[in-house]
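Trainee: Please take one part of this model, its salt bridges, and go through them closely with me, including where the partners sit in the chain and how well they are covered.

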Amino acid sequence: MADEPEPKRVKLNDHHVDGQATVPPADTAEKEEDEGDEDGVPAEEEEEAETPLACFTKETDVGIEQYLSSSHKGFFAILKQRYSDFQVHERKPDGSVIHLTNCSVPCELLADKGTVSLETVFSAEEVEKLTELSEAGEEGSGSVHIEAGENKDHRTKQHMAIRQHFPSLDSKTSVESVGGAKKTIISVTKGARGRGPQQRSHWPRDRPDYCWFVMYKENRDTLEAINLLSSLIRIKSSMFQYAGTKDKRAITTQAVTVFRVPAERLVSLNRASKNVQVGNFEYVKEPLRLGSLAGNHFTVVLRKVRCDDDDVIGVAMASLRDTGFINYYGMQRFGTSTIPTHHVGRCLLHCDWQGAVDLILKPRPGEPEPLDKARRHYAETRDPASTLAMLPRRRCVEGKLLWGLKERSGTNDLQGAFNFIPRNTRLMYVHSYQSYVWNKMASWRIAHLGLTPVPGDLVWTRGDSRHKEVDNKVGEEYIKLLQQDGLSIEMLRHRVKDYALPGDYRSLVLKPENVQWRSFDYDDIMQPLILSDLDTLEAKPAPVSLPGGQYRALSVEFSLPPSSYATMAIREVLRMDTSSHHQAQLDTSSSRPISRVGSAI
């Protein structure tokens, strides 16, 4: 198909105009976030104690209330029973899907053709010890001593191999007395951070400034993976650029760029980490920017499918393909604890710094005992210093905030204390509130005005890019909803620039591209039902359906633009609450075998 002109947005008058209705205003930071990113999710990421489901945020609490299609009733299935059931691949601007297909550095990209193989200069036992030291957490976490011998050329190659394959390690040669005899020893320690490769090596003049690569990760969020990579090669994490953050509880593949770091240093991560891998290196002139790619391709497994009518699955999937779904902000946007992030955002928009602090540090049910104890201690003592000392992990949001409160102690500068939280996380709170408002208005629009464009709507057509203010009843409802929270449109233009929300437009309805689905029968609930990129690299066989298997699963694929939520597309198919806590409850309550559904489609 030939490229079509960019659609335009025009205001409807009393005459009917075909197009896709949109609802203003949406989150201007939407390009910063893709499906399921859990940026800034507080310390309750750790294993939680059992908590009543009613304590957690439901879809209706954040404005997710309507469905698009009336052609089907949905069916029972479990979403994300295993993190490997949810796979995300970024798409390049041309629409092609990004995959990790090679974890080595092509010879033509090597600046130093004299790369030394570890196996030629170290024994297998020595390589294992160096690998363990490289994977250790912090500087000063141990050392490895290797007897080097008297051959200087051989020692030089050993030092080169350590620099090339373990950039987080430092090595030096010394002469020590061992059993009365003097021996030449190579001592290897964890290096100090901050001496990045761009400071230690010459960058070739004819090489573009940025190394582009594919990052594959399992069960880690994007920032965690970037921090791991930056610590291994000893540069600041801000040196890396990417188009959007990805879900933690998933297998994701995305493009990353980094300024003047050679590929042969990046590839060392593959030896140091099992669930983060990098590859497909090339050098480019420009860095990636937020939202600069075409979106994501999703492969999702729905397990323990239960359906009385064999045709329901086909009708539901065809409806998603042909009609689409309501483009809600998904539940991930609102956090995973019993205190949703948009409540904190509402406090920030009111400049209620004390309220925001109290919500973040407030005790909540279901948390691990050390964190719960720290929260209760702060609630009783209001002492940030002693509470900080009790935290099991200090790099979480709560730790950053407590540190700020400690540093600003006696000044009553709560806004300054709040600024100790990373900026992207602080923005998450106000963007979450804006997403809540958009969801509520999208639901109101569908419920009261349907899908047919009405006067005052903004619709997509071809050729024009003019912006129009909405002047139908949706605009009035926006004002009413804000007033219920003591806010106004003017207050969203916050006096603190970081929290200002000018707004933008967001499509009310999306139709996924490249929609496919097929079913599996299986017995083993731990059996992977789709291959990851790493599985493919390791030449693992593709999963096959087990005739007469005890359970049925549905594998679903589709592509979405940036800042769209695959869970909201799945919600339209299943007609079930997609919140993680609701799905977890389904997992524990649905162990019985399930009824048969129709053949694979």
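Mentor: What follows begins with the whole chain, then turns to the pairs one by one, and ends with the surroundings.

This is a predicted model, in which local features need pLDDT of at least 70 and side-chain atom pairs count only at pLDDT 80 or more, whereas totals for chains, interfaces and linings use all residues. Residues are numbered from 1 along each chain as its sequence is written, and side-chain values use heavy atoms, with hydrogens and water left out.

The chain has 20 helices and 18 strands, these being DSSP runs numbered from the N terminus, with at least four residues of H or I for a helix and at least two of E for a strand. Of its 601 residues, 54% are buried, where buried means under 20% relative accessible area, exposed means over 50%, and partly exposed lies in between, with a 1.4 Å probe and protein chains only. If we take contacts (heavy atoms within 4.5 Å) between residues at least 6 apart in sequence, 81% of them join residues at least 24 apart.

Now to the salt bridges, of which the structure holds 26; the term asks for a side-chain nitrogen of Lys or Arg within 4 Å of a carboxyl oxygen of Asp or Glu. One of them brings together the side chains of E59 and R571, at 2.8 Å from N to O. Because E59 lies in the loop between β2 (20-26) and β3, while R571 belongs to helix α19 (residues 566-574), this pair ties together parts that are 512 residues apart in sequence. Both E59 and R571 are buried.

A second pair, K129 and E125, has its closest N and O atoms 3.7 Å apart. These two residues are 4 apart in helix α2 (residues 124-135), which means that about one helical turn separates them. K129 has a relative accessible area of 40% and is therefore partly exposed, while E125, at 52%, counts as exposed.

In a third pair, R346 meets D485, with 3.3 Å between the closest N and O atoms. This pair links distant parts of the chain, since R346 is in helix α9 (residues 341-349) and D485 is in the loop between α16 (473-484) and α17 (489-492), 139 residues apart. R346, at 24% relative accessibility, is partly exposed, whereas D485, with a relative accessible area of 16%, is buried. Salt bridges can also share partners, and in this way E367, R375 and E398 are joined into one network.

For the surroundings, return to the strand that follows the loop of E59, namely β3. Strand β3 (residues 76-79) is covered on both faces, with F76 and I78 buried on one side and A77 and L79 buried on the other. In a regular strand, the side chains alternate between the two faces of the sheet. β3 pairs with strand β12 (residues 295-306) in the antiparallel sense over 3 bridges, where pairing requires that DSSP finds at least two bridges between the strands, and F76 stands opposite R306 in β12.
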